[in-house]
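Reader: I would like to learn how to read a protein model. Where should I start?

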Amino acid sequence: MDADIRSGWAGAGGATGSPADPVIQLSGVTKQYEDDGPPALRAVSLDIAPGEAVAVMGPSGSGKSTLLNLIAGLDRPTSGTVTVAGQRIDRLSETGLARFRRQRIGMIFQFFNLLDDLTVADNVLLPAQLAGLSRRQARARVAELLATLRIEQHRDAYPARLSGGERQRVAIARALVNRPALLLADEPTGALDTATGEEIGELLRELNSAGHTLVLVTHNPDLAGHYASRTVHIADGLIFRNDNQPGAGQPATPAGVRR
Amino acid sequence: MRAGPVGRAVRGGVARRRVQTIVIALVLLISTGASVLALALVVDSSAPFDHSFAAQRGAHLAVVVNPARATRADVAATTRLRQVTATAGPFAALSIAAQLAGQAGPNGSLPPMTLAGRPAPGGRVDDVALQSGHWADQPGQLVLGVNSASDVQIGLPLGAKITVLSAPDHPVLTVVGEATSVTNSADGWVTPGEITRLHTPGTPGSEQMLYRFRDAGTAAAVRADATSVRAALPSGAVTAVQSYLTVREQETSQIGPFVPFLVAFGVIGLVMSVLIVANVVSGAVVSGYRRIGILKSIGFTPGQVVAAYTAQVMVPALVGVLGGLVAGDLLAMMLLRQAANAYDVGQLSVPVWVDVAVPAVMLALVAIAALLPAMGASRLSAVQAIAAGRAPRAGRGYAAHRLFGRLGLPRPVTIGLAAPFARPARTAITLVAVLLGAAAVTFAIGLGSSLNRVVGGLSHAAAEPVQIYRTSQNSFIFTAAQQRTVQAALAAQPGTRRYVAETDDPITVAGLTGEHPLTAFRGPAAWTGYPMIKGHWYTGPGQAVVSTGFLTLTGKSVGGTATIVLGGTPIPLRIVGEDFDARSRGVSVITDWQTLADAHLGPALTEPGQYDIGLRPGVSAASYAQSIGARLGSSYSTSLNTRNSVVVSLMLGLIGTLTVLLALVAGLGVLNTVVLNTRDRVHDLGVFKTIGMTPRQIVAMVICWVAGTGLVAGLIALPAGIALQHLVLPVMASSANLGLPASYLSVYRGPELVALALAGVVIAIVGALLPAGWAARIRTASALRAE
């Protein structure tokens, strides 16, 4: 990816603490949705270092999206602790979580989750406005991102008019507008064709190279292999494999084992 | 028995959409209750005396018979007259003079009372309504007639004791109950034996017979009935006859001016209830389009879909209607009891047909409001129904978002304000609901203020709160000596600001039938509180101020002349002013006492029958009345001019109750809309929370979904409510032969207008608060998974 795109990522927010401290730390996290049902996650422990690109893979219903939601503070664990960027987010109030997400986390979804009645520019602008950025600063940031992602020509268009790939670029721009340290992507290429998916994958790799910690949920081993430095395999709520890339060859480890 | 597919779909829909189910039930409960109350009020108020008269089987004629001249057999024969349909009696009757037990002197004196000896309150004629306590069943017990038309405030509580001064040994009676007779057949009731005990030996006795006739609808018919009864009895046996029409006339003239306003408000309340119910129910079905599409895709036929969705709405509607019927009846019973007291009729009740018609109409309305959109959805294909039930069509609301986004307001606010434009139909329905609620509030406030002024203008209570009369049974005219006595007492009484002697005579007017009241004041009287509509108060003899009905019916106008006839003497008058006066169906004349003196009329027609007294500021009317009464002694009685405050308090209470109910229903309509919007946009809410919108910002955004609509609705409702008040009041007043002074219409003041303009936004915000809180608490992860 060219230099101007790399420079467009300049200023990615860093995690607190020393470089050795994990930026994401889950300790014994269990998530149970129903009292008499099986847990979606069972005493999972996982550390992710700053700047890592980690893919979380597993079949449908394995708990990978639940894991991502807990890291993003979109849901709360039934037990265990979730620490992100040095903060125990499982203890934060809803207001605290909202503010935390604004500042620290950019989320990218499979189906984009753009707001259909706002233009592309307004969609990207919204998190900046919620974060209290001045109008001028926010608009400048939006213009920069749209240019970097090569969608500035669509700034006044509505999401319904864009292709899947263009929408995902808009979603990425929105995720980056507040310069978060963490990017969490839930099946970011799942709704895209192969070629577009590769483009988006490249984008994510660039973002990781620029310093963003990336957690990527996918069921696509190619995506995990190409764009993540480590793959965590999850099934039935348990982490049963934790591979480094390239050349994943470590034996299967019991669930919840830290790296 | 297992539920079929439709039943299961209904059960699932009702259980799953709990909020909507509860809202529908509540809206129907409140609307039905309000409609029962409003309709009962309209019906009973349109002819309260007639309703009460029918309910209590009032006596067309009350005949007082001298038992010395007519035997029991003679009296019994009258019950078999062809035109007689029912009778009650004979009841021994007696007039007594009494005072409060233990309070000798003027402070304890009571007005003369007519007692009847009745073993029980009920009967085929004159079914007396017991209001409190119990009927007299032992010697020494008295059931007092509640008669708010009485000019003398008795106000004896249960347990009070009175000493009967006119009876041998001055026996004491204890008040054990209060009751009303629709024709005021007696001032009180005792056991039949008590009459014998109270009767002074050697004085003539009397018996009361009460009759209902086949034909008694007109004065001529009642006169004919009285003639037939008199003819059936020995000569001289009948000592007095009272027609129910006389009582009806008195009661109607008292409450007539107020009834049209209440009727207007009741009708508006009914219309609003109906519109809001239609709004909520149709919205509930439309919001289920997606589910309808899913049902169709799995095999439901169009007919099954219609049945399922109509039933899904009818279940909570039925619960609500039944609950509303019970609540409405209870509320109506309570308020109608007060209305009956204020209207001075025996008893008012919810007509049976109201209890049948209102639920039937409400359920029919719900069925139609549900059927129409359900049938529309059933005709769509499954795909179309699912698509129609999703988030609003792309393209709607874009311009609004751009426009509001340019405002310098917080982003959650601007997003919320722009949201209604994406769903114009639903927004319009919400706007109408809030508009009706806010218009009702505006109209009610204006109506209440106007009514306050109307009652003030009719009763003159503010200007002349105390009046003085003679207590003689022979004449009510003040002799010259008595006038000097009263004037001296008034001059000496602290608190007296001013007073005037008032003469009241019946006159006839050329071109009008019947008699009408003439009031002549001896002294300056412009302060007595007759509101002027046109012209000015009279400034000398030969001038008159007349009421609107007088001008309307005679075709005269201010500046013209009219001739009245008093005591057979024609008196020409120049009309210098038109005033607001409801006496005699709006036909009355006021002039200077000198006008009568110049016509050389005798003292019976010119001398005063009462004194009207204005008090210094801060003086208690009740204390003043007691004090002046003590000063003057038992030859005079004082009266507090407060009766109509009871009526207006009742009116305001009724109007306030209905307004609160209607505003509540409008608020529920808003709540329903916000719940539907929340459901539609749950996914968007998840996105907002994901990108960092705090719960408080979510609440602000959701409230703004309807706040803008509420503000617009309120701004439209304000002039609409005012226009309604300006339109309805004069029309209603003219139906009672009344004109209205301009000040009775222009009742809205600046700060009030501002507050009323915000009524719509207040209703909208209150209706949105609860679902806004729910929206803020939505689990983000679940919301993102919603389609």
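Author: What follows goes from the chains to the cavities and then to single residues. The model is predicted: local features need pLDDT of at least 70, side-chain atom pairs count only at pLDDT 80 or more, and totals for chains, interfaces and linings use all residues. Residues are numbered from 1 along each chain as its sequence is written, chains are lettered from A and ligands numbered from 1 in the order in which they are written, and side-chain values use heavy atoms, with hydrogens and water left out.

Reader: How many helices and strands are there in chain A and in chain B?

Author: Helices (H or I, at least four residues) and strands (E, at least two) are DSSP runs, numbered from the N terminus. Chain A has eight helices and 10 strands, and chain B has 28 helices and 21 strands.

Reader: What share of the residues of each chain counts as buried?

Author: Buried means under 20% relative accessible area, exposed over 50%, and partly exposed in between (1.4 Å probe, protein chains only). In chain A, 53% of the 259 residues are buried; in chain B, 55% of the 787 residues are.

Reader: How many cavities of 30 Å³ or more does the structure hold?

Author: On a 1 Å grid over the protein atoms alone, a cavity is a set of points where a 1.4 Å probe fits but cannot get out; lining residues have an atom within 4 Å of a point. Grid points are joined across faces, edges and corners, and a volume is the space filled by probe spheres set on the points. The structure holds six such cavities of 30 Å³ or more. The largest has about 160 Å³ of space. Its lining has 15 residues, and those nearest its centre are Ala419(B), Pro420(B), Arg423(B), Thr427(B) and Asn677(B). Helices α15, α22 and α24 of chain B each give two or more residues to this lining.

Reader: Which residues are closest to the centre of the second largest cavity?

Author: That cavity has a volume of about 140 Å³. Closest to its centre, among 15 lining residues, are Ile105(A), Gly106(A), Met107(A), Thr690(B) and Ile691(B). Strand β6(A) supplies the largest share of the lining, four residues. Other elements that give two or more are α3 and α6 of chain A and α23 of chain B.

Reader: Is Thr595(B) buried or exposed?

Author: Thr595(B) counts as buried because its relative accessibility is 6%. This residue is in helix α19 of chain B, residues 593-598. A polar contact is a pair of N or O atoms within 3.5 Å; within protein, one must be able to donate a hydrogen and the other to accept it, and residues adjacent in sequence count only if both atoms are side-chain atoms. One of 2.9 Å joins the side chains of Thr595(B) and Thr591(B). Contact in general means heavy atoms within 4.5 Å. Leaving aside neighbours within four places in sequence, Thr595(B) is in contact with residues including Pro541(B), Ile571(B) and Leu573(B).

Reader: Where is Asp169(B), and what is its phi near?

Author: Asp169(B) is in the loop between β7 and β8 of chain B. Its phi is near 65°, a positive value in a residue other than glycine. Asp169(B) is exposed, with a relative accessible area of 79%.

Reader: Which peptide bond is cis?

Author: The peptide bond from Gly89(B) to Pro90(B) is cis, with omega near 10°. Pro90(B) is in strand β2 of chain B, residues 84-96.

Note on methods. 1 Å grid on protein atoms, 1.4 Å probe; cavity = no way out; pocket = protein on both sides within 12 Å on 5 of 7 lines; lining within 4 Å.
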